[in-house]
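Please open the structure in your viewer and keep the selection tool at hand, since this tour moves from one selection to the next. Each stop names what to pick and then describes what is found there.

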Amino acid sequence: MSKWRIGVDVGGTFTDVVGVGPDGQARLAKAASTPHDQSEGVIQGLRNLAEAAGLTLEALLAGTERIVHGTTVATNALLERKGAKVAMLTTEGHRDVIEMREGLKPERYNLRLAPPEPLVPRSRRFGVKERLRADGAVETGLDEASLAAAIEAARGAEAVAICFLHAWRDPAHEQAAAEAVRAALPGVFVTTSAEVLPEIKEFERFSTTAVNAYVGPPVSRYLGRLAEGLKKVGYAGPVFVILSHGGVTPIAEAARLAAGTALSGPAGGVAAAVALAREGMAGDLVTFDMGGTSTDIALVAGGVAKLGRGREVAGERIALESLDIITLGAGGGSIAHVGAGGTLQVGPESAGARPGPACYGRGGTLPTVTDANLLLGHLDPGSFLGGAQRLDVEASEAAMARLAERLGISMREAAWGVYRLVNARMADGVRVATVRRGVDPRGATLLSFGGAAGLHASAVARDLGMARYAVPLFAAGLSAWGMLRTDLRFEVTRSVNANPDASLAATFAAQEEAARARMAEWFDGEITATRSADMRYGEQVFEIGVKLDGVDWQGAAMPDAVRQAFHDQHEALFTYSLPQDEVVLVNARVAALGRLTGDAGRYVAPPMLAAEPRQVWRDGGFAEWPVYRFGDLADGATIQGPAILESPTTTILVQAGDTATMDARGWLMAEID
Amino acid sequence: MDPVTLAVLDNRLRAIVEEMGEAMLRTSYSQILNSSRDFSVALCGADGSLVAQADHIPVHVGALRFASEAVLKTFPEIRDGDIFLLNDPYNGGSHLPDLTIILPVFAEGQCCFFTVVRAHITDVGGGTYGGYNAGATDIWSEGVRIPPIRLGENGDLRADLLAMVCANTRIPRDVRGDLMAMIGSARLGAARIAELLATHGRASLLATVTAILDLAEKHARSILAEWPDGTWSGEAVLDDDGHGRENITIRATCTKAGDSLTVDLTASDDEAVGIVNSSYPNMYSACCMAFAYLLDADLSKNEGAFRPLKVIAREGSIVWANEGRPVTLCTSHCSNEIVEAIIRALQNAAPDRAMGGWGRRFRVAIKGKDPRSGKGFVWHLFHARPGGGGSSAGDGWNTVGEWHSAGGLKFGSIEQAEARFPLHFEKHEFRANSGGAGKYRGGLGAELKLRVETDGPAVGNTAGDGAFHGSAGMQGGEDSAPHRYVLHKKDGSERLLRSKEVSIPIESGEVLHLLSAGGGGWGAPGERSAEAKSKDAEEGYTA
């Protein structure tokens with residue numbers, strides 16, 4: 001029997017919930033985000049979804065087969081430096097690894113850049129007498145007294161990161177230290193480098209582990225509360241969390257490897273774009289996910305979103321696999337102000353969900369991007385969020401007038417300035433995602449979603465000379481929907497560090513067995529596995545990823561085939577190979593994938609009040625723009641700009657010169673002349 | 001010029017050189033390249049001018065154009081498929097260890113660009129292993145000298161020439177692997193440029209490049225125009241030349257007028273017997289580097305950006321040695337001192353743009369046999385980096401290194417170093433009190449205790465400076481502590497290492513105890529906030 005599948009995307013301002021029901025219909029519900037405990041907003045969003053479907057919450061959840069969730073708890077903790085108080089236990093004599101950053105500094109020609117504060121300050125990094133050698137042999141045994149002293153010094157920390165040299169070779173010292181910490185400091189979040197990233201290179205491993213300790217407690221607490229809250233309303237099915245790499249994993253795994261959720265929030269939108277490309281949306285796509293607090297931009301070229309392992313979030317290295325997403329600290333809730341130089345600026349401060357923009361009437365007195373959109377006539381005070389949130393025009397006017405006075409211009413001119421400025425910032429972000437990566441954005445489609453993107457998509461696309469933008473009918477819910485379009489993923493990595501030989505068959509087989517077994521605990525559908533390896537020539541230190549799915553593992557020629565796959569990949573990437581040289585297989589990787597089935601669902605917008613033409617401010621005066629209800633448009637319907645399209649969750653400005661067509665998927669595809 | 005096309009292509013060119021650099025990093029064989037990133041890649045115009053350069057090692061920023069110019073001078077006829085190589089500091093190079101590969105890129109039958117890859121090779125022959133012969137008194141004892149040669153034709157390498165180059169190094173396998181990586185990187189760049197030429201057309205792309213260079217010039221001039229006009233002097237002092245001559249002074253007289261700057265190094269001391277002399281390209285590049293540090297970080301580093309800069313120097317001086325003098329240390333010293341002298345002078349014109357001195361390079365190279373593999377090895381010290389200087393923006397960065405690399409040289413993983421070399425890192429942490437005091441303190445240097453575990457005795461060479469002189473304080477900030485390197489002998493004695501020594505005997509089991517310099521302070525120490533001082537104490541940055 002077909003059941004509900006629900007995606008939940010917690011943004012800075014709104015929590016968006018998309019449910020695809022047994023009837024194949026996708027429904028979208030929203031709730032205000034609750035930053036003090038995001039799970040409250042999630043439960044409320046589910047409640048709203050049930051209401052939209054004409055069900056009780058209990059009935060909805062009883063008929064739900066899975067919930068997939070994107071959370072920004074880790075990201076926010078890093079960005080706002082509000083993570084756990086972390087202590088680090090590390091090999092004596094090496095306590096500055098995370099602060100030395102291997103001697104590298106970003107921005108080569110900026111010698112006037114203040115150094116960052118380390119995530120774990122030096123005064124909370126404690127040396128422990130122990131030492132392994134490079135081959136894993138014990139040079140110095142784990143010294144009990146020194147461990148006890150370090151644990152005592154760490155008392156008061158909420159999380160302890162245990163980072164020993166060469167621990168990826170043999171985690172015994174780290175594990176023993178972890179047990180001792182757990183015993184001495186109950187309730188403290190403990191994480192070890194060998195479990196977070198069982199690979200050579202201490203900076204990457206220690207830094208990722210420090211991040212894991214920093215975000216682990218808030219993420220665990222949050223996911224615990226969420227599970228508890230769902231249990232209370234009767235949900236006993238699986239809850240998955242989307243990770244930075246775009247795959248999903250169960251709650252317990254996400255809590256253990258919390259550093260892997262650093263890009264959980266924006267991953268859903270990229271997953272959606274990948275799914276759309278797979279389902280036939282043509283050309284390169286640039287995702288433009290503009291919410292209330294921040295905007296995420298990513299490139300999906302040729303249907304593929306690039307993964308990398310060199311990711312930094314808020315300046316902290318997280319060496320886990322992750323999507324290439326650019327995050328800007330500006331969105332609909334960003335506050336406009338006059339900067340030190342006397343010029344207009346937007347963000348990075350945001351009014352967030354509370355108090356929210358001035359027009360929300362919740363006590364906000366500072367003008368935001370949303371206030372500017374209201375004052376320019378882009379938004380209707382009565383139909384915002386389908387009428388669920390009445391907008392207070394007077395409050396907006398008062399807030400914007402104070403800003404205008406400081407700038408010596410009129411209130412509307414100030415609103416227009418805020419609008420243009422935020423568009424320019426968004427365009428710069430798209431430039432970074434495309435031009436900086438050597439891709440000309442003009443041939444790509446700006447895939448715009450999130451509550452606020454529809455108001456800015458045309459202007460941003462025009463700034464970049466892009467020919468097309470696209471906005472889905474349920475723009476606010478696309479990230480949540482994308483979470484329903486990606487698969488379970490669990491990776492088992494083993495460092496091999498040897499020349500490829502016949503033993504690889506057994507190595508990979510064991511890993512695959514472990515990966516499949518873990519996946520089977522979470523999932524009873526069809527499981528597939530892919531094999532790859534990180535390989536290099538003997539004298540190199542960087543590996544390249546080599547796909548090994550075509551290899552005949554039982555054949556006598558297997559080691560040669562593995563070597564050849566590496567030579568071929570090296571030649572493809574770097575124009576040459578050195579077939580006579582030594583080849584080293586560093587890491588063997590197996591990813592088990594659990595394909596989560598279910599169709600995309602077709603979104604049907606709920607009915608709205610008839611739309612009146614609206615007065616929109618342009619060039620010093622108001623002009624009348626027709627307004628259409630997005631949900632009323634038939635497939636193939638065409639609209640010439642200027643026009644405004646409204647749905648209960650988003651508003652789209654189709655500017656003069658734009659030709660927008662409704663496609664069969666429920667997307668507005670706009671061509672710019 | 002359409003501004004969108006301009007921006008796209010400017011970034012595309014930068015993306016290409018970044019991709020070349022990434023390929024170089026990932027494919028090279030030597031530790032000095034794949035762990036420590038001592039290489040630079042660039043795209044030059046058909047006349048040799050610098051069009052785009054990746055942000056790797058700033059000391060190469062103004063030097064690569066001399067390489068393509070030397071090729072043009074040597075070979076009147078450049079052909080598609082040519083592969084050029086050089087390292088001669090008196091003919092397009094900076095110092096011998098830096099090999100440079102140059103590939104022409106053709107379109108419509110004409111050479112339009114060169115892709116250039118310069119990489120520091122672990123060993124280029126000469127009087128001692130590891131490239132730095134502190135005992136050298138002429139260039140012939142520093143290693144093999146390669147004027148511009150055609151290493152390949154029609155895209156094929158000449159095996160005989162390659163064998164000749166490899167025959168002149170102590171580590172032919174690594175040098176061969178590194179040369180292949182350099183050629184691979186240059187080919188990758190050439191392929192990307194060829195795609196651009198095909199898409200945009202030769203004339204259109206070249207016109208855009210001209211506009212990009214002009215834009216960078218305009219940007220640089222607009223910054224200079226804000227400074228007061230005037231003439232200022234600054235100096236920096238080298239420890240010694242390794243042959244008994246101490247305190248060699250570099251003197252910069254800087255004149256800023258309107259939107260132009262002249263740097264005159266004529267008053268610098270005469271050339272030295274030892275390896276601290278500079279070649280002309282390296283001296284010119286050091287001036288570009290200092291200039292770039294005082295401009296805006298996001299300014300494109302290309303020919304246009306350096307047009308407002310005029311450099312005057314005297315042949316036969318320490319900064320521009322007569323042909324035949326040894327120059328191997330010059331990319332570190334006296335490069336760093338040229339930068340320091342210029343910044344000292346120009347702190348008067350742009351106090352908030354000037355920064356406290358960055359550390360000096362004091363390298364150690366160890367040669368021995370690895371008991372695990374039975375193979376010989378040469379290891380170069382990149383750990384125990386010195387600190388960066390304080391600035392108007394705040395304290396200096398800890399352990400980010402020297403002026404010449406400015407945070408671009410990675411010291412690499414200790415785990416990897418121990419797996420690859422018979423060395424044991426007993427301690428590698430910050431060295432308290434090493435940063436120069438100031439309103440904004442210099443960054444800290446490091447303390448390294450390194451046990452040598454070779455099969456039989458090892459030998460060490462040093463090459464560097466800064467054992468007498470710390471990093472310069474600016475705007476009332478204090479100089480940092482200098483380096484102090486000691487070898488703990490098995491018999492319990494301590495041997496202080498000088499910065500320019502060859503063949504230091506090291507017994508297996510002995511420990512090098514290295515204390516590196518911090519960065520210079522910025523602003524008067526009395527202006528440092530109480531909060532910053534108490535944090536320094538709490539975190540153990542000061543003791």
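Is strand 3 (residues 25-32) of chain A mostly covered or mostly uncovered, and how many of its eight residues are buried? Select this strand in the model, which is a predicted one, and you will find that strand 3 of chain A is mostly covered, with six of the eight residues buried.

Keep strand 3 of chain A on screen and add strand 2 (residues 14-20) of chain A, which runs antiparallel to strand 3 and is joined to it by seven bridges. One pairing to pick out is that of Val18(A), whose bridge partner in strand 3 is Leu28(A). Between the two strands of this hairpin lie four residues, and in the hairpin Gly24(A) takes a positive phi near 80°.

Next, add strand 29 (residues 602-603) of chain A, which pairs with strand 3 of chain A in the parallel sense over two bridges. Here the residue to select is Gln25(A), whose bridge partner in strand 29 is Arg602(A).

Now zoom out to show the whole of chain A, whose secondary structure comes to 17 helices and 37 strands. Along its principal axes, the C-alpha trace of chain A spans about 80 × 55 × 55 Å. The radius of gyration of chain A is 26 Å, which agrees with the value near 26 Å that a compact globule of 673 residues would have. Of the 673 residues in chain A, 56% are buried, and among the contacts in chain A with a separation of 6 or more, 67% are between residues 24 or more positions apart.

Colour chain A by its domain assignment, which gives domain 1 (4-77 + 220-261), domain 2 (82-213) and domain 3 (488-594). The centres of domain 1 and domain 3 of chain A, taken over C-alpha atoms, are separated by 35 Å, and the contact between these domains takes seven residues from domain 1 and four residues from domain 3. On the domain 1 side of this contact, the largest share comes from strand 12 (residues 248-250) of chain A, with three residues. By class, the residues on that side of domain 1 of chain A divide into four nonpolar, three polar and no charged.

Continue along chain A to residues 612-664, which UniProt lists, in an unreviewed entry, as "domain: Acetophenone carboxylase-like C-terminal". This span is 0% helix and 55% strand, and its end C-alpha atoms lie 26 Å apart.

Turn next to the place where the two chains touch, where 58 residues of chain B are in contact with 46 residues of chain A. On the chain B side, select helix 1 (3-27), helix 5 (172-200), helix 7 (280-294), helix 9 (414-420) and strand 14 (423-430), each of which supplies at least two residues. Helix 1 of chain B gives the most to this side, with ten residues. The side of chain B that touches chain A has 23 nonpolar, 19 polar and 16 charged residues.

For the last stop, stay with chain B and select domain 1 (3-217) and domain 2 (355-543) from its domain assignment. The C-alpha centres of these two domains of chain B lie 30 Å apart, and their contact takes 21 residues from domain 1 and 22 residues from domain 2. On the side of domain 1 of chain B that touches domain 2, the residues divide into eight nonpolar, nine polar and four charged.

Methods:
Residues numbered from 1 in each chain as written. Chains lettered and ligands numbered in written order. Predicted model: local features only at pLDDT ≥ 70, side-chain atom pairs only at ≥ 80, totals over all residues. Domains from an automatic or database assignment. Nonpolar A, V, L, I, M, F, W, Y, C, P; charged D, E, K, R; others polar. Buried ≥ 20, exposed ≤ 12 C-beta atoms within 10 Å, placed from the backbone. Pairing = 2+ DSSP bridges. UniProt positions renumbered as here; feature names shortened; annotations may be inferred. Rg over C-alpha atoms; globule rule 2.2 N^0.38 Å.
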